[in-house]
Amino acid sequence: MSSILVILVILVYLAVIFYVAFWAEKNSKSRWVNNPYVYTLSLAVYCTAWTYYGSVGLAATSGLKFLTIYLGPVIIIPIWIILMKKIIRISKGNKISSLADFISLRYGNDRFLGALVTVICVFAIVPYISLQLKAISETFNVITNHKIVSNSILNDTTFYIAFLLAIFAAFFGTQHTDASERHKGIITAVALESIIKLVFFLVIGIYVTFYLFDGPNDIYNQASVLPNFKEQQSIDGLKGGFNWFFLSLLSMIAIVLLPRQFQVTVVENEREKYLKKVTWLFPLYLLLFNIFVIFIAWGGNVVFNNQNVDADLFTLMLPLINGHEILALLVFLGGFSAAISMVVISSLALSTMLSNNLIIPYGFLQQFSKGESEENTEVIKNIRRIAIFSLIIVAYFFYRSFILDRSLVSIGLISFVLIAQLSPSFFGGLFWRRGSSNGAKYGIIVGFLITIYTLVIPFSIDSQLISSLFIREGIFGIGFLKPHELFGLQIFEPVPHAFFWSLFFNVFVYVFYSVSIIGNYRERNFAEMFVDSTKYASLHEDAYVWKGEAYVKDIRKVLTRFLGEQRTGRALNLFNIKYNIDSKNQFADARLINFSEKLLTGSIGSASARILISSVIKEEEISLLEVLKILDETQKAKESNKELKERDKQKDEFLDTVAHELKTPITSIRALSEILLDDEEVDKETKNKFLTSILNESERVSRLINNILDLEKLATGKEKLDLNENSIKETIHKSINSVTQFAKNNQVRISEEGVKEAKLIFDEDRIQQVIINLLSNAIKFSSKEKGRVSVFTYINKKKIEVSVEDNGKGIEKDDLISIFNKFYQSKNQTILKPVGSGLGLAISKQIIESHKGKIWAENIKPQGVRVTFTLPLNEN
Amino acid sequence: MKINMKKILIVDDEPNIVMSLEYIFKKENFEVFIARDGSEALEIAELNVPDIILLDIMMPNVDGYQVLRFLKESVKLRDIKVVFLSAKNKLSDIELGLQLGADKYISKPFSTKKLVNEVKALVK
């Protein structure tokens, strides 16, 4: 295929991706941008060009081992969800924008630790980015039939692609100064690319399996006769099992700790509930992606048997040699999209770390503490833009100079092992209060050095094709120190071997330091907040303990340098309202200090935020014990305060309604009495009418008061039920008798044919009260013509159900539950208010519940309402 | 005679309150109209264009606030004087009522004499 055409296709493709990102950034509120599907798909940035080409290569040479990389994440998903919930909560609460920031904050805003994590990540990921560029370049050469790799950068298409990606990431990655803000443009584009790469891979998988071959069986039959097939496809006993286990474990760690995964899962998470969709959708995605890998690999082995074709390129070569160039182009585009997603997200994540955890805290604090807000935010953005460019360009040169002939998988796995060095301090920090910053630092350094010795050095020597004496005999010929068989451990392949030893010492050093030297109080404060995140999340700024002297105006000055006058004013206003603080107050407390640190964290990282704020306040040392004590007290106070407030609110509402309900009849009484008193010409008939009304309204007042007292007694349990064995049939009968007159006045017929006999224990007066209440409601609301109310019972072993039905208009669905609330009167009541206090059903509910029964209402067909209550039958 | 009579519309869902107000304002030579909920009130207002409306707030279907909003949106009805008569007497309720454009807010229970004086002052 002509390279002009391919370049044209690439440009069109990139234009589409740029446009989608641009559109999403503009319509950041749209449902197309904010939904769990986009979120889940963006997680699929896990699948890179490695998946596209490397998996097939690995499957072709080593069989099923490629699966470990995907098996790990799938196995861990249920735990992953729980873990991520915690991590996301902590990160959102503290405006954390990267892995380095997370670890640094957990260990007391430790500047060095943040920088160390950043360095490890850059060290691990830059070669990985190179790998993606390499994949783009190699596949480009294959598809355009270029045999020779061009020597001049200016003739290398990959260079221009890398440059375009850098522009893309720099432009959409620095829309906000606050790096903890979401980058919706990039994420939407990545989600789209996840669909593209999966669909194209499925297309090629189906093509190979069903078009080139006659289905899976056919491929298997042809591949299984090839030499070496058996050894490739088995796990290889216990030894192989160990290797499998450690590789899966490695990928479990990777899915949490890879900077790009942390970016898409934590920083870009809009809503916590999106995680639910991930539970099944993400494993499904990985499964779909992996279905055809083994078939493409076998197919490639069959087709290219004994030819010198790189197994990593089977996916692309299979359609090419069969003359299906368009299909090959699709594969190229799929791999291309997988590669650029990874490059963009990784460089975005790394640039945030570089700026917020390395460059700013070590180089720009002095300048920032003098600059104006516009300058400062511009400098911050520029640092990130330059970081993105440098990362991608460095990765490009790395690929040009070092890894031209390395397989995709090996470099990928090295980078996994390097990242895994962060896992003891990361997971330890989440679940172990004692984990200390010194432990974390030394652990990471030791693990890192061991990885270098056992994996990185042997690998780079190997790639230089210099004699591998070092690998075969160990350093200075000491067999004990052979890099691939350290301390005589021989059962592992190089990667699991390095992983095992580096983590072994890493964990050991971390635990040893943490246990033997107690961290300072600041570390412990954050340790409490991280480990017990659910408990302290509700405390917000109160979870931070601080003692010393600080002035609001100093802190305001610092904030203004980054947020500007207006935003700082707004933020402080909100803060004052939240904690009910007088804005004239000039002394800052722990809450304001923590609040301000958080405000700055997103822009300049937690360590810098801490340093800047500390520079304007005077802090006193507090003992560890004091920190823990204060935290405990604050939390208890907060809890009881919340309960009190809730109870107060309910009480207020209740009192408001009672007042309203009492005032209404009193209004009538007062108005009518005033008329009678002032006006001597009232005729006798009117006078009678008025006096009757006054009487009725007075009765209404006393009924209301009685009901309220009744409800109060029942609710607080002050009144004991008068429990005796009674006949339910008799009680129902008595209740019906007492409403007969009322029913007659309303021309309603009551039937009790469905009532059966049962003896059980209840308070007869109270249950009668309930039934009368239900009956009078039913009479009031039954049909105006041919009104009919029926009572019936249903008895089983455990309980008796009593139902009262009318044939009225029914109740609106929304009201079926709320009618049992105090003072709730249905919205669609008839124009004339039925006589009632609005408390009848609430009282009935209270009575039934104190009998351990239930009460509910439902609409029935063809029309009417049925209210049913249950009473438990005694067991004996 | 009827020409000079001022028209008053009483809106309340409590029959006894309506009865007393009706008596009082008939005695004061008003032409009295009665509505028992918000939507009825709007129909009658549209038809008869009263000079003043005594408006309850807590009513089924369309409440007093909504009635007032409708009135203020209509060119024909926006000049009608409106007096809220309500048992809700929190400061926030009163403020909301006046903000919406009511001319007076009188809390229940009210003095009939004072009410009559206020109404007369408004429709003069």
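Q: How many residues does each chain bring to the contact between chain A and chain B?
A: The size of an interface is often given as the accessible area lost when the parts come together. In this predicted model, one can also count residues: the contact takes 18 residues from chain A and 20 residues from chain B. On the side of chain B that touches chain A, helix α1 (residues 15–27) of chain B gives the largest share, seven residues, and by class this side has 10 nonpolar, six charged and four polar residues.

Q: Which residues have the most contacts inside the largest nonpolar core?
A: They are A:Cys121 and A:Val417, in a core of 196 residues, of which helix α16 (residues 325–368) of chain A supplies the largest share, 22 residues. Leaving aside its neighbours within four places in sequence, A:Cys121 is in contact with residues including A:Leu99, A:Pro259, A:Leu350 and A:Ile419. Another core, of 37 residues, lies apart from the largest one, and among its members are A:Ala671, B:Ile8, B:Ile24 and B:Val82.

Q: In what order do the five strands of the open sheet in chain A lie?
A: Strands of a sheet pair through backbone hydrogen bonds, either parallel or antiparallel. Here the order is β4-β6-β7-β9-β8 (chain A), with mixed pairing, and the edge strands, each pairing on one side only, are β4 (748–754) and β8 (855–859) of chain A. β8(A) pairs with strand β9 (residues 865–872) of chain A in the antiparallel sense over five bridges, and A:Asn859 has A:Val865 in β9(A) as its bridge partner.

Q: Which strands does helix α31 (residues 764–781) of chain A lie across?
A: Helix α31 of chain A lies across β4, β6, β7 and β9 of chain A, and runs at about 25° to β7(A).

Terms used:
Residues numbered from 1 in each chain as written. Chains lettered and ligands numbered in written order. Predicted model: local features only at pLDDT ≥ 70, side-chain atom pairs only at ≥ 80, totals over all residues. Contact = placed C-beta atoms within 7 Å. Helix = DSSP H or I, 4+ residues; strand = E, 2+ residues; numbered from the N terminus. Nonpolar A, V, L, I, M, F, W, Y, C, P; charged D, E, K, R; others polar. Core = buried A, V, L, I, M, F, W, Y, C linked by C-beta atoms within 7 Å. Buried ≥ 20, exposed ≤ 12 C-beta atoms within 10 Å, placed from the backbone. Pairing = 2+ DSSP bridges. Axes fitted to C-alpha atoms, helices over the stretch in contact; angles between N-to-C directions.
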